[in-house]
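Here are a few exercises to work through with the model open beside you. Try each task on your own before reading the solution.

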Amino acid sequence: MFGLAVVGYLFLGGVGGGLLAVAGAVALLGRPRSGALDSRPAQRSLFGTAFAVAALSLVLGSLLLLADAGNYAALPWLFFSPRPTYLTFGSWALAVGVLLGFLGALLWFGRVRVRLRASRLFHGACIVAGLAIALYTGLYLSSMGAVAFWNGAWVPALFVLSSLSCGLVLFSAAATALGSGGAAAQAAPLLRIDIAVAAAELVVALAFVLVAAAFPEAGSRAVGAQSAVALMTGPDAWLWWGVFMGLGVAAVVALDVAALRTRIRTAGRLWNTLAPAVCVLLGALAMRYCIVEAGMHPALGF
């Protein structure tokens, strides 16, 4: 049903959406009282890079989705469907997210003068668009009634939490890499939020697979239970437990705690920048791959 291109889209769409929402939130809540945009070079570089990376991630993810679909003649219907669908919602969310990401990079890198009210509206729109994109990556799977394992609210909730964790960790890593007092100081509250998000992600992930496995029903729900068991014990179990749970959740939380305790002494250090970013990205990719594979091949573990 799905190839690796769709897994890549789910991953890149989540990363781009999460980073867009986090960058918008930090810019909106942390703006200086004296103006709409922070004029410090380190802050300009931080936000410009964050918005550019978010936009590029969304563009690449969209291209992977288009490559997997192959039916390019039907593209206009994704935006102008006679009735609203999840695909229509997702297509517009991606288009708006890409536009906002590139515009944000232009605003911050280009030192464009923006009024305070316009800045608030713009960064608020980035939050909404980023969250909508992250949500859609989950709805994209959960709306497919033929695969019981993906149905329900668990997958969208898990994908949103994972996307936010990616955005928080990547933005924090970028701030830490700058090594300046103002930018590095922004990382601390983001890391505290990420610890809470990662804890929620762990709870939702465990509930998702355990509920599906423990309470199977007749028909398609029984197949969903097989998918859950295959995910936890099948050939890809090492990715689920080791890479997603181990690196993407447990290791990221441990690195967040360590960074909070040594923030002043380690700002700008390479390991303190790369390690959490690599762990959260590998975990997010592994989680999406495992869920897609288990839903398509529920009997692999038997």
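**Exercise 1. Find the nonpolar patch.** Work out which residues make the nonpolar surface patch of about 310 Å², and which helix gives the largest share of the patch.

*Solution.*
1. Keep in mind that this is a predicted model.
2. Pick out Leu-247, Leu-274, Val-278 and Leu-282, which together make the patch.
3. Now turn to helix α11, which spans residues 270-296 and supplies the largest share of the patch, with 3 residues.
4. Take Leu-274, placed in helix α11, as a test case. Its relative accessible area is 44%. Partly exposed covers the range between the buried cut-off of 20% and the exposed cut-off of 50%, so Leu-274 counts as partly exposed.

**Exercise 2. Describe the second largest pocket.** State the volume of the second largest pocket, then say which helices line it and what classes of residue are found there.

*Solution.*
1. Start with the volume, which is about 210 Å³ for the second largest pocket.
2. Next, look towards its centre: the lining has 11 residues, and the closest to the centre are Ala-25, Val-26, Leu-168, Leu-190 and Ile-193.
3. Assign the lining to helices. At least two residues each come from α1 (4-29), α6 (154-178) and α7 (181-214), and α7 gives the most, with 5 residues.
4. Finish with the classes: 10 nonpolar residues, 1 polar residue and no charged residues make up the lining of this pocket.

**Exercise 3. Characterise the fold.** How many helices and strands does the protein chain have, and what percentage of its residues count as buried?

*Solution.*
1. Count the elements: the protein chain has 11 helices and 0 strands.
2. Write them in sequence order, and the pattern reads α-α-α-α-α-α-α-α-α-α-α.
3. For burial, 50% of the 302 residues of the chain count as buried.

**Exercise 4. Follow three residues in α6 and α7.** Are Ser-165, Thr-176 and Ala-187 buried or exposed? For each, give a C-alpha separation to a residue elsewhere along the chain.

*Solution.*
1. Ser-165 belongs to helix α6. Its relative accessibility is 1%, under the 20% cut-off, so Ser-165 counts as buried. Along the chain, Ser-165 and Gly-18 are 147 residues apart, yet their C-alpha atoms are separated by 7.4 Å.
2. Thr-176 is also placed in helix α6. With a relative accessible area of 1%, Thr-176 is buried. Its C-alpha atom is separated by 6.7 Å from that of Ala-187, 11 residues apart along the chain.
3. Ala-187 sits in helix α7. Its relative accessibility is 0%, so Ala-187 counts as buried. For Ala-187 and Asp-256, 69 residues apart along the chain, the C-alpha separation is 9.8 Å.

Notes
Residues numbered from 1 in each chain as written. Predicted model: local features only at pLDDT ≥ 70, side-chain atom pairs only at ≥ 80, totals over all residues. Heavy atoms only, no water. Patch = residues over 30% accessible without salt bridge, like charges linked within 9 Å, V, L, I, M, F, W, Y side chains within 5 Å. Areas by Shrake-Rupley, 256 points an atom, 1.4 Å probe, with all protein chains shown as cover. Salt bridge = Lys/Arg side-chain N within 4 Å of Asp/Glu carboxyl O. Helix = DSSP H or I, 4+ residues; strand = E, 2+ residues; numbered from the N terminus. Buried < 20%, exposed > 50% of the residue type's maximum accessible area, 1.4 Å probe, protein only. 1 Å grid on protein atoms, 1.4 Å probe; cavity = no way out; pocket = protein on both sides within 12 Å on 5 of 7 lines; lining within 4 Å. Points joined across faces, edges and corners; volume = space filled by probe spheres on them. Nonpolar A, V, L, I, M, F, W, Y, C, P; charged D, E, K, R; others polar.
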